[in-house]
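Me: I am new to this structure and would like a close look at one part of it. Please take the open sheet of five strands and describe how its strands are put together, with enough of the rest of the chain to place it.

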Amino acid sequence: VALSVDAKPVQPVQRDGDELTLGRVGAKAPEADSLDLRVYRRLADGVPAHLRTVIQIQASGQAREETIGPALPEGFVPLALDGKWPARLDADGRLRVRVQPGSDTLTLDARATAPLSEAAARIAPAPWPQQEIWSYAAAPRLRVSVASGAVQVDPRADWIAFLGDAV
């Protein structure tokens, strides 16, 4: 959707649910563009292993398209992507998200392409955060497995609610 008045384009186009705003509202100065991401992952043992990635996005400034990622570690393929804002996963594994001023949570489900002996974070360039929080759901009926890493976090922390109980 685009609008021109006297052959001059009116910017920006902002979407909020079913509403569309063309141009600026009010006369206040535009806020600087910023993007803050927090990434939480839940790896569930299984055949195949399942990875749920929750990306919390805080954005300010203009409505725009941002490219972030790659969003998945090596050895995983996407199954589903869900969120309020329009988003898609490109062939190279990067997310393209049409951010609006405000916040949204994207949920990306993926599965392993082969049996896992290990999984590791692949930290992408900015604006991707330099730290991710991972949790591990073992399947003791299938095998004995453990998660290890440099820093361990209490899985009963508040952020676990974003990952859900079932994968």
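Reply: What follows describes that sheet, then its surroundings in the chain.

The model is a predicted one. To place the sheet, begin with the chain as a whole. The chain has 167 residues, and its secondary structure consists of one helix and twelve strands. Read from the N terminus, the elements run β-β-β-β-β-β-β-β-β-β-β-β-α, so the strands come before the helix under the numbering used here.

The sheet you ask about is open and has five strands, in the order 8-11-6-5-12, with mixed pairing. At its edges are strand 8, residues 76–82, and strand 12, residues 133–137, each of which pairs on one side only. On average, neighbouring strands in this sheet are turned by 20° against each other, with direction ignored.

Strand 5, residues 34–44, is a convenient place to look closely, since the order of the sheet puts strand 5 between strand 6 and strand 12. On the side of strand 6, the two strands run antiparallel and are joined by eleven bridges. One pair to find in the structure is L35, whose bridge partner in strand 6 is A59. The link between these two strands is a hairpin of five residues. That loop holds P48, and the peptide bond between V47 and P48 is cis, with omega about 0°. Strand 6 itself covers residues 50–60.

On the other side, strand 5 meets strand 12, and here the two run parallel, with five bridges between them. Two residues of strand 5 can be followed across to strand 12. Y40 stands opposite I133, and R42 has S135 as its bridge partner. Strand 5 thus shows both senses of pairing: antiparallel with strand 6 and parallel with strand 12. This fits the mixed pairing of the sheet. In a regular strand, side chains alternate between the two faces of the sheet.

At the other edge of the sheet, strand 8 is preceded by a loop that leads from strand 7, and P70 lies in that loop. A cis peptide bond joins G69 and P70, with omega about 20°.

Strand 7 belongs to another open sheet, one of three strands in the order 7-10-9, with antiparallel pairing. Its edge strands are strand 7, residues 64–68, and strand 9, residues 87–89, and each pairs on one side only. Neighbouring strands in this three-stranded sheet are turned by 20° against each other on average, again with direction ignored. Strand 9 pairs with strand 10, residues 95–99, in the antiparallel sense over three bridges. Within this pairing, R88 stands opposite R96 of strand 10.

A few totals complete the setting. Of the residues in the chain, 34% count as buried. Among contacts between residues at least 6 apart in sequence, 66% join residues at least 24 apart. The chain exposes about 10,700 Å², and carbon and sulfur atoms supply 50% of that area.

Conventions. Residues numbered from 1 in each chain as written. Predicted model: local features only at pLDDT ≥ 70, side-chain atom pairs only at ≥ 80, totals over all residues. Heavy atoms only, no water. Pairing = 2+ DSSP bridges. Helix = DSSP H or I, 4+ residues; strand = E, 2+ residues; numbered from the N terminus. Axes fitted to C-alpha atoms, helices over the stretch in contact; angles between N-to-C directions. Buried < 20%, exposed > 50% of the residue type's maximum accessible area, 1.4 Å probe, protein only. Contact = heavy atoms within 4.5 Å. Areas by Shrake-Rupley, 256 points an atom, 1.4 Å probe, with all protein chains shown as cover.
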